[in-house]
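Here are my notes on this one, point by point. Have a look at the model first, then read on.

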Amino acid sequence: MQTLGLAVEHYVFLAGVIFTLGAIGFLVRRNVLVQLMCIELMLNAVNLLLVAFNRVYPANMAGQIFAFFIIAVAAAEAAVGLAIVLAFYRLKGTVMSDEGDSLKL
Amino acid sequence: MNQVGSLFFALMAGLSLLGAVGTISARNPIRSAMGLLLTIVGIAGLFLRLNAQFMGAIQLIVYAGAVVVLFVFVVMLLGPDASKVPSGPARGWAARAFAGVLMAVFAFGGGALVLGARDSLTFFKPVAPEHGSVEVVGRELFTKMLVPFELATALLIVAVVGAIAVARGHVEQKGKAKPAKLAPQSLFHGPLHPRDAGHPLVKERA
Amino acid sequence: MEALLSLFPKDDLTLLAFIVLLPLVGAVVNGIFGKRLGREAVTLMGLTAVGGAFLLSVASFLILFEAQHESERAVRLIWRGWEWMKLTGQGGAPVTLTVALSVDALSGTMALVVTGVGFLIHLYSWKYMEEDPGYHRFFAYLNLFIFSMLVLILGDSLPVLFVGWEGVGLCSYLLIGFWFDGEANASAGKKAFITNRIGDFGLLVAMGLMLRNVGSLDWTGLEQGRGNLMEGMQIIQQISWLGMKSPVVVNTATLVGLALFLGCAGKSAQLPLYVWLPDAMAGPTPVSALIHAATMVTAGVYLVCRLSFIFVLSPAAMIVVAFVGAATALLAASIAFAQNDIKKVLAYSTVSQLGYMFLGVGVGAFTAGFFHVITHAFFKACLFLGAGSVIHAMHARIHDTDTSQDMRFMGGLRKYLPITFLTFAASWAAIVGFPGTSGFFSKDAILLSAFSSSIVPPQTAVSAPGGPMDVFLWPTWAGSVLYAMGLAGAVMTAFYMTRLLIGIFFGDFRGWKIVKGWKEPAAAHDHDHHHAHETPGPSMKGPTPHESPWQMWVPLAILGALALVAGLVNAHLIGIHLFDHWLAPVFATASEGVKTKEELAEMPFLGAAVAAFAVGVGGAYWVYVIQKGAPAKALAEGSPGFYALVRDKWRIDELYEETFIGAVDSLAEIAVVFDKWVVDGIIARVTAFVISLGGTILRAAQTGRVQAYAFTMVLGLGGIGWFFVAPQTTYRLRPDDRNGQYTVSLTPGAGYTYKWDETGDGKWDDKGFGDKRELKFSLDPDKTQKVRFQVRNGFGRVRTGELLVHRPKVDKSGADPAAMEAVTPEMKAAAEKAGMKVAPKGQVHP
């Protein structure tokens, strides 16, 4: 246990668990706001993986740079997603995702 | 030193796991947002452990400082409606059980994989202390990655404009009449070509 | 001149590209931006483009003149653009097609006429089309037409010419149907297009044959390799049960000539494809003048002149050309007798004159035929534009297209349209062959040649390998018959053109009768005054027919003057042979195949021509002026059936309608039944059922819940993850059966390590996994060895595979490798095949 956090596998495991939690949250929660948060969880797990692997191959900074861009895109996604939530709320009067079935036949 | 580092890792990993569980299990969206904050802080800590100081800072500033605040803001804006469950059948036990099974499969599958590789862990090699510093990442960003970087700024601007356009909703413009709604069958109005009369697939519509 | 030459060197005359490009630019600008540019800009653009092209044509003509003057032989100045495509000729020889333009005496002259007359007609259209809402569209089409026509003329090879050929066809279609809201106009456009397609088919066949036999499609290559066309070609196989004892073999040159002529007959409205041209008069009158009289329809004659050296190879094809031309001239002239629509009369006159041109080139008088193309361009353009001016005047009160073109309602217009009358009369003089006018000289030259010239089989035909296929000799009576037909046509032309002139310009104006209340102002003044209280509202008396603005009469005047004097460049009567000398080098090769009767007195022929003119004009004067049309009326009433037949154009259209179009329609009706009951009834219903069934099933998956969709995504994600987690590998075996060396290599992967068992005995070569990705080993003949291997990925997951390697038995005759060299290739191939059989490659089967 002396070396906890010094092998990439630890991070892979941790990221896998966080990603799975996010995915399950997205699947079981019906509140669009929470679903968006779950997406953020998954993105964070991926970021963690990228940075951890960047630590394995330190000569190349691609992992960190990639994570940087993911953070930028996640910020944009959160802004647009929350705007959509507001519009959805205005339309349906609720933020439950299974109410948004207008496209169903 | 390693003792401290291992302790730090365990703390941060536990923090982020706790946060993740809180995010998906809290009934109140505000609590979910707090759970997300916890996860983000934990992961930022892990970034530090991974010699990625700059990324840790960015993680805190962007996620904790902006995204979570935005979430909280929207939750506040919606008020009690944000957690109101509409009438209708509640989610059945089957779905919950399925989610649990999925969690178990993923978690234990992943764990088994990692444990299988226990003998051959890929340990980090030492790196220069400036690895992951603002200077190194910044140099990379503004030299090799300049074009994607600029594109990312364009993306952010588009996202902001789009968010405003979506969130402000429809504004009725003065002097412009709403387009009349087309009844679906009106698309096929008009007289039939004589050759098509009596055609098995064509029916004349009044 | 020096400046011109220094700007455009003769060996690569870029000037030609500019000539072609200018109208294209005009067309593009007017077509795309015309609506926003406004009328003034459109006019400026259109006129400048064509005017510029005319000036550049003059420049190229000067350069050519200088070059031909220096070298004393046929000169062709070429601009080579870019490589277009590579084709395969006979025997697999590559044929490179280049987009190239060239100018020689023939094309240079033609380009001058097209751009010159084209510019005048653009000028005319300025005012004629002024009120039309499609003004910019009209100019875009006209410019596009000039572009296509210039490509046709200046193209250096048949494919380039064909591009222009199709381009003018397209423009013709667009302009005939210019007022496309009328059903008749649209169908006239379609008729022209479809009829032309039949001709284009012939042109394509001819191109294919030439590519096959000559292996070149540019003018120089065709002229040099034309001898290869003298070769027999079997067109019908031997059919014994039909009593055909031997297959039908004809000369390829004859086939090429006839196929080319089919193309020319389509474009130049000859029998049997002439029917589209009279209907094409549905387009605006400047279009009739430019495209359907002066330029496009003469493209066929131009093509025969261009490829004269190929046509003269086949006397049979040439006699067909000559007789079709003469017959068309007679038939069209006979129809023109009974037409009242002035544009229809002119249209049939055009068909008839085109027949004359083909008569000329058919007997080998290429210069005379081409000369008639040019004089005809002047006088027929002038006649059409004059007709347009008359119609324009009639539009003062009549807005019905048919009535405003009907000469029964005209008459006496000489008083109102003095300039139009003068120019119309000048062109009339030219077309009826008034001595001294341009038409007189060109028509006379054709008639003289028709009598005296004939085509002789070329010398090469006799000595061609395999013997001559059709040594067709012109019958001795051919010349006399052709001459008689031509002369009869001349009399008829003089008659109906005089009838037209009298009907429009002489006598009293009959227009007052059509529109109720349209009175001649002077005569009606008292009348109106008297009944003033009875005609409230706008007065019905009216604007009289009036002369057109200068933009319309200036082109008329120029063309009329040219119609009178242009003949002087080749007035044989007074010993001027300028045009002959200018074109002689171009037709030098072709003239070897033309035989002319020597020592022919020209005077009797001149006398006959003048007599034909006098009889025609005099007869018409007697019938329509002295007798006031009584004999014509008596004839029409005496035999109404015959009159109706002529008036209905011999009912040729109806014949085509009943036969060809009817046959196609019946086919279409059968197809409709099939479509209705089989395709739509059975196939479509079965398909619709299957699709709807699938839809019903799939609809269940569309729950409308985001989570359900996301769940399928997660499942897929899990699958992909599993794929990445398990090691994936294939092996590849590189056998060398002869030396017994074998190499097995495994596909690489991220973090993969390998373990080998070379002998297959269950014991691994190394204890742990290593980086060795390839295994090399040797094997004795007729031995089989099992190889096992393991792959491990970064997650520690392992996959095992094995393969059997067999080395085939070496042939008994050659036990050692050195002897294998002596083995025949067939045996070697068989050995390799056997080796491949036992050494397959593929997925590992663990």
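1. Start with helix α1(A): 20 of its 21 residues are buried, so the helix is largely enclosed by the rest of the structure. Buried here is a neighbour count: 20 or more other C-beta atoms within 10 Å of the residue's own, with 12 or fewer called exposed, anything in between partly exposed, and C-beta atoms placed from the backbone. The helix covers residues 8–28 of chain A and reaches 30 Å from first to last C-alpha, close to the 30 Å expected. That expectation is 1.5 Å times one less than the number of residues. Helices (H or I, at least four residues) and strands (E, at least two) are DSSP runs, numbered from the N terminus.

2. A word on provenance: this is a predicted model, with local features needing pLDDT of at least 70 and side-chain atom pairs pLDDT 80 or more, while totals for chains, interfaces and linings use all residues. Residues count from 1 along each chain as its sequence is written, and chains are lettered from A and ligands numbered from 1 in the order in which they are written.

3. Between chains A and B, 77 residues of B are in contact with 64 of A (contact: C-beta atoms, placed from the backbone, within 7 Å). On the B side, α1(B) gives the most, with 13 residues. By class, that side has 54 nonpolar, 18 polar and five charged residues. Nonpolar means Ala, Val, Leu, Ile, Met, Phe, Trp, Tyr, Cys and Pro; charged means Asp, Glu, Lys and Arg; the others, Gly among them, are polar.

4. Within that interface, look at α2(A), residues 32–56, against α2(B): the angle is about 5 degrees and the axes are 10 Å apart. Axes are lines fitted to C-alpha atoms, for helices over the stretch in contact, and angles run from 0 to 180 degrees between N-to-C directions. So the pair is roughly parallel (under 35 degrees; over 145 is roughly antiparallel, 65 to 115 roughly perpendicular, the rest oblique). The residues that meet include A:Leu41 and A:Leu48 from α2(A), and B:Leu36 and B:Ile40 from α2(B). This contact divides into 13 nonpolar, three polar and one charged.

5. Chain C has 32 helices and 13 strands, and 43% of its 846 residues count as buried. Its contact with chain A takes eight residues from A and nine from C. The A side there has four nonpolar, one polar and three charged residues.

Methods. Contact = placed C-beta atoms within 7 Å.
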